[in-house]
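Reader: Hi, I'm new to this one. Could you pick a single part and take me through it closely, after a quick look at the whole thing?

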Amino acid sequence: MTTLPDRPNSALVVIDFQQDVMAAAHDREGVTANIATLIDRARAEDVDVVWVQHSDEGLPRDSEGWRFVPELVRRDSEPLVHKSYRDSFEDTDLEAVLAERGIGRLFVTGAQTDVCIRSTVHGAFTRGYDVFLVGDAHTTEDLSAYGAPSPAEVIAHTNFYWKGQRAPGRTAGTVATAEVDFKG
């Protein structure tokens, strides 16, 4: 269980599922469908859906590319966290949002696997959260021209190493969309 006191609740975290970020994403349709399924389930089970939205020089706030993909619609009642760094906790109000709702267990989805997803799962875990990466609900673009592995390999490797993540008093792992248990 989380090392954070009085945090029994779970949240689905949707990171950077924005138009420009997703323009060249690996398995865009499949990952989008899985996140949509999880959003529907979270809402039906009264689990918070927390949206994280990145902006920087290349992704200016309020630009068309900065907006979330049209297939996923955030409700006004769902928290929105704006960030400018890879780790969704850095210089944001994410910790305050989660604390206010008694959230100590995160199910992480979104983009990009090798940047903001990895940084956020590590950041959450070191801050005391239980962190589950939804293995079929995160993606990245192809950066193999720059020496990176293929997107499928990046995703598989991230799922593999997160599955074995351990630390005192915290739980982590990789789960498939169909295996997510928000209440468990």
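Author: Let's begin on the outside: the protein exposes about 8600 Å², and 49% of that is supplied by carbon and sulfur atoms. Keep in mind as we go that this is a predicted model. As for what is hidden, 48% of the 184 residues count as buried.

Charge is part of the picture too. There are 18 positive side chains and 30 negative ones, and the centres of the two sets lie 4 Å apart.

Now for the build. The protein has five helices and six strands, and along the sequence they come in the order β-α-α-β-β-α-β-α-β-α-β. The radius of gyration is 15 Å, close to the 16 Å that the globule rule gives for 184 residues, so the protein is as compact as a globular protein of that length. If you want a box to picture, the C-alpha atoms fill one of roughly 45 × 35 × 30 Å, taken along the principal axes. Contacts reach a long way along the chain as well: of those with a separation of 6 or more, 79% are between residues 24 or more positions apart.

The part I'd zoom in on is strand 1, residues 9–15, along with the strands it pairs with. Six of the seven residues in strand 1 are buried, so the rest of the structure largely encloses this strand. Who are its partners? Strand 4 is one of them, running parallel to strand 1 and joined to it by seven bridges. For a spot to find on screen, look for S10, which stands opposite R105 in strand 4. Strand 2, residues 48–54, also runs parallel to strand 1, this time with five bridges. Here the pair to look for is V14 and, opposite it, W51 in strand 2. While you're tracing these, a handy rule: in a regular strand, side chains alternate between the two faces of the sheet.

Step back along the chain and you reach the segment before strand 1, where P5 is found. P5 counts as exposed, since its relative accessibility is 64% and the cut-off for exposed is over 50%. P5 and G104 are 99 residues apart in sequence, yet their C-alpha atoms are 8.4 Å apart in space. D6 lies in that segment before strand 1 too. D6 has a positive phi of about 55 degrees although it is not a glycine, and at 73% relative accessibility it counts as exposed.

D91 shows a positive phi of about 55 degrees as well, again without being a glycine. You'll find D91 in the loop between strand 3 (80–83) and helix 3 (94–100), exposed with a relative accessible area of 69%.

Back to strand 4, which covers residues 103–111 and pairs with strand 5 in the parallel sense over six bridges. G110 is a good marker here, standing opposite H138 in strand 5. Strand 5 runs from 130 to 139 and is mostly covered, with nine of its 10 residues buried.

One last thing to check in this corner: A111 and Q112 are joined by a cis peptide bond, with omega at about -15 degrees. Q112 belongs to the loop between strand 4 and helix 4 (113–126).

Methods. Residues are numbered from 1 along each chain as its sequence is written. This is a predicted model: local features need pLDDT of at least 70, side-chain atom pairs count only at pLDDT 80 or more; totals for chains, interfaces and linings use all residues. Side-chain values use heavy atoms; hydrogens and water are left out. Helices (H or I, at least four residues) and strands (E, at least two) are DSSP runs, numbered from the N terminus. The radius of gyration is taken over C-alpha atoms; the globule rule is 2.2 Å times the number of residues to the power 0.38. Buried means under 20% relative accessible area, exposed over 50%, partly exposed in between (1.4 Å probe, protein chains only). Contact means heavy atoms within 4.5 Å. Accessible areas come from the Shrake-Rupley method with a 1.4 Å probe; for residues, only the protein chains shown count as cover. Lys and Arg count as positive and Asp and Glu as negative; His and the chain ends are not counted. The place of a charge is taken as NZ of Lys, CZ of Arg, CG of Asp or CD of Glu. Two strands pair if DSSP finds at least two bridges between them.
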